[in-house]
Structure formats: structure tokens, C-alpha cells
Amino acid sequence: MQDLLNRFSLDEAKMNGQMEICLVAIWLVVVGTVVSSILSQPFSAKQRFFWIGMVVCVPIIGVLAYLPFSVTEERGSDVLGTPRKK
């Protein structure tokens, strides 16, 4: 029983090939989603190039920096629960 419980310990990180492939796949999905969001925004070509460069070249910080700019006025009112202006 002790051997079975030791398998699930958090004492050492058990990184292997499968874990690395899953992490890379998750990261590619996140970056793809962010790039898709950038392309759907009403940005100029320079702004799109800047944001895509930030997301790709500065991995985690680029995605976090883009996060406040990803909410448009229409989507922001839905998220915050405020009524839309007509």
C-alpha cells in the first residue's frame, strides 16, 4: 500500500515526454486563441503586428498584457453586467 501511495506524492516533479507534449499542446491552443482574438479586433495592421509579436515573443507576459485589450465595449458590458448604450 505504501508503494502505491508513493506513486502519487508531490515530492518530486514527474515530468516525462507525455507531460511535456500536453503542456506544449495546451500552450499552442492558448496562443492560437489569443492570435484569433487579435485578428478579430478592429486594430490597425501595426497594432496587430505588435500584439502578435508580443504574444509569440514574450510568452506568458504577452498574453497577460493583451488580456485587458481583448474585451471590447460590446463584450465588456455583458461581462460586467452593465446595460448597453443604445
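## A five-helix model and its nonpolar residues

On the surface of this predicted model, Ile26, Trp27, Val30, Ile60, Leu64 and Leu67 come together as a nonpolar patch with about 580 Å² of accessible area in total. Two helices, α2 (17–40) and α4 (59–66), each contribute at least two residues to the nonpolar patch. The biggest contributor is α2, with 3 residues. Leu64 is a good member to look at on your screen: this leucine sits in helix α4, and its relative accessible area is 54%. Leu64 counts as exposed because that value is over the 50% cut-off.

### The overall fold and how far to trust it

Let's step back to the whole chain. The protein has 5 helices and 0 strands, so its pattern along the sequence reads α-α-α-α-α. Of its 86 residues, 17% are buried.

The mean pLDDT of the protein is 80, and 71% of the residues reach at least 70. Confidence varies between the elements: α3 has the highest mean pLDDT, at 93, while α5 has the lowest, at 55. Where pLDDT is low, the predicted coordinates are not to be read in detail. Please keep that in mind when you look at α5, given its mean of 55.

### The nonpolar core

Now to the inside. Which residues make up the largest nonpolar core? There are 8 of them: Val31, Val34, Ile38, Phe43, Trp51, Val55, Val63 and Tyr66. Helices α2, α3 and α4 each give two or more residues to this core, and α2 supplies the largest share, with 3 residues. Helix α2 therefore gives the most to the surface patch and also the largest share to this core.

### Aromatic rings around Trp51

A search of the whole structure turns up 3 aromatic pairs. Two of them share Trp51 and are set out here.

| Pair | Geometry | Centre to centre | Angle between planes |
|---|---|---|---|
| Phe50 and Trp51 | edge-to-face | 5.2 Å | 70 degrees |
| Trp51 and Phe69 | tilted | 5.0 Å | 45 degrees |

Why do these two pairs carry different labels? Phe50 and Trp51 count as edge-to-face because their 70 degrees is over 60. Trp51 and Phe69, at 45 degrees, fall between the 30 and 60 degree limits and are therefore tilted.

The second pair also spans some sequence. Trp51 belongs to helix α3 (residues 45–57) and Phe69 to the loop between α4 and α5 (73–80), so their pairing ties together parts 18 residues apart in sequence.

Are these three aromatic residues buried or exposed? Trp51 is buried, at 10% relative accessibility. Phe50 is partly exposed, with a relative accessible area of 46%, and Phe69 is partly exposed as well, at 47%. Ring pairs link Phe50, Trp51, Tyr66 and Phe69 into a cluster. Two members of that cluster, Trp51 and Tyr66, also appear in the largest nonpolar core.

### Met54 in α3

One more residue of α3 is worth a look. Met54 is found in this helix and is partly exposed, because its relative accessibility of 22% is not under the 20% needed to count as buried. The C-alpha atom of Met54 lies 8.5 Å from that of Ala65, although the two residues are 11 residues apart along the chain.

Technical notes. Residues numbered from 1 in each chain as written. Predicted model: local features only at pLDDT ≥ 70, side-chain atom pairs only at ≥ 80, totals over all residues. Heavy atoms only, no water. Patch = residues over 30% accessible without salt bridge, like charges linked within 9 Å, V, L, I, M, F, W, Y side chains within 5 Å. Areas by Shrake-Rupley, 256 points an atom, 1.4 Å probe, with all protein chains shown as cover. Salt bridge = Lys/Arg side-chain N within 4 Å of Asp/Glu carboxyl O. Helix = DSSP H or I, 4+ residues; strand = E, 2+ residues; numbered from the N terminus. Buried < 20%, exposed > 50% of the residue type's maximum accessible area, 1.4 Å probe, protein only. Phe/Tyr/Trp six-rings, centres within 6.5 Å; stacked < 30°, edge-to-face > 60°. pLDDT = per-residue confidence, 0-100. Core = buried A, V, L, I, M, F, W, Y, C linked by side-chain atoms within 4.5 Å.
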